[in-house]
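Reader: Hi! Could you walk me through this protein?
Author: Happy to, let's have a look together.

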Amino acid sequence: MKVRDEDAARRLTTRLDAKVVRVGGNILALEVPPAPHTDLSSLPEVDWVEEDMVFRAASRPNDPDFPLQWNLTRIGVPEAWERTRGEPSVVVAVVDSGIAYRDGDGFLRAPDLAEALFVPGYDFVHGDPFPDDDHGHGTLMASIIASGFNNRFRGAGIAPRVALMPVKVLDSTGKGYASWVASGILYAADHGAQVICLGVASPRHSETVAEAVRYAYQRGCILVAAAGNEGSEPGYPGGMACPADEEEYVLAVGATDMRDARAHYSNYGSGLDVVAPGGDLTRDDDRDGRMDGVPQETYRLPGNPQSGFILYWGEGTSLAAAQVAAICALLASLHPKL
């Protein structure tokens, strides 16, 4: 509380028989008994009063590569972890090249996704219920969202307690047809995804994908899409690649670098909704001898699931989109009706 002057402080502490700690100036901390007592704020000696609330150190996981994840501290994720790390009831669909979610049929589960919760997904490339990642991009996106937290291994995910839905729409070369992407969005919307992460982009507008985006939006999904990596070449609606060009139906995400400036490759324009760290492998702004990519786990060699897993340094608006999707999942965990 803050009191008027020294005399007021003496009178007040005598009257309340309270233990007093002087914080500084006329601000005092009083230890008052739990029994009912006079409303302190109504006393003439008092300017204002508040409860002595608890502060904590922001969460810092023991994952050894967390100190390298500059992007997470830049956007305040450790502070968000004080509120939530996500809830299993929130499902994030990663509509991408699949996820390294299982051991079997020549595929390995990503080590830092060992504790991640998965719900059934689908492979629209091969037409089966096994959305394995044979490229690596989808695993990178999933790792950003839900890598293990405090498991003494590699880096940390932003929302490690949410459920992941792997939806494969890109093949081993990282390419996929509009019909696959649209089918993946529709599947996610119809199978309980609250958040749909779209790290896919095309310089040409697809009405097929647009229809799927609108359908998912009407089903109550939050759709997060990469703005694209062409530097806003002329002709893009609002500067955004598809499906980020779907205006109010999606959150279109651009990328920033370590300076908090637009990454040189990031599309921008009137269609942009938000930006997040996407990294820049042409710069070393912190002068640590390493290019300023965004670090997270995926395959050692893109397109080769047998090559093993590493902390991969990537760049792109898709990585920025994965961070925004994860943050949306945290918000949905705190406010399910949002």
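**Helix α7 and its surroundings**

Author: In this predicted model, 15 of the 18 residues of α7 are buried (under 20% relative accessible area with a 1.4 Å probe, protein chains only), so α7 is largely enclosed by the rest of the structure. Local features need pLDDT of at least 70, side-chain atom pairs count only at pLDDT 80 or more, and totals for chains, interfaces and linings use all residues. Residues are numbered from 1 along each chain as its sequence is written, and side-chain values use heavy atoms, without hydrogens or water.

Reader: What span should α7 have at 1.5 Å a residue?
Author: Helix α7 covers residues 317-334 and should span 26 Å, taking 1.5 Å times one less than its number of residues. Its end C-alpha atoms are 26 Å apart, which agrees.

Reader: Cool! How many helices and strands does the protein chain have?
Author: Seven helices and 14 strands, where helices are DSSP runs (H or I) of at least four residues and strands are DSSP runs (E) of at least two.

Reader: And how much of the protein chain is buried?
Author: Of its 338 residues, 51% count as buried.

Reader: What does the C-alpha trace span?
Author: About 80 × 40 × 40 Å along the principal axes of the protein chain.

Reader: New topic: which contacts link residues 24 or more positions apart?
Author: I can give you their share: such pairs make up 70% of the contacts (heavy atoms within 4.5 Å) in the protein chain with a separation of 6 or more.

Conventions
Buried < 20%, exposed > 50% of the residue type's maximum accessible area, 1.4 Å probe, protein only.
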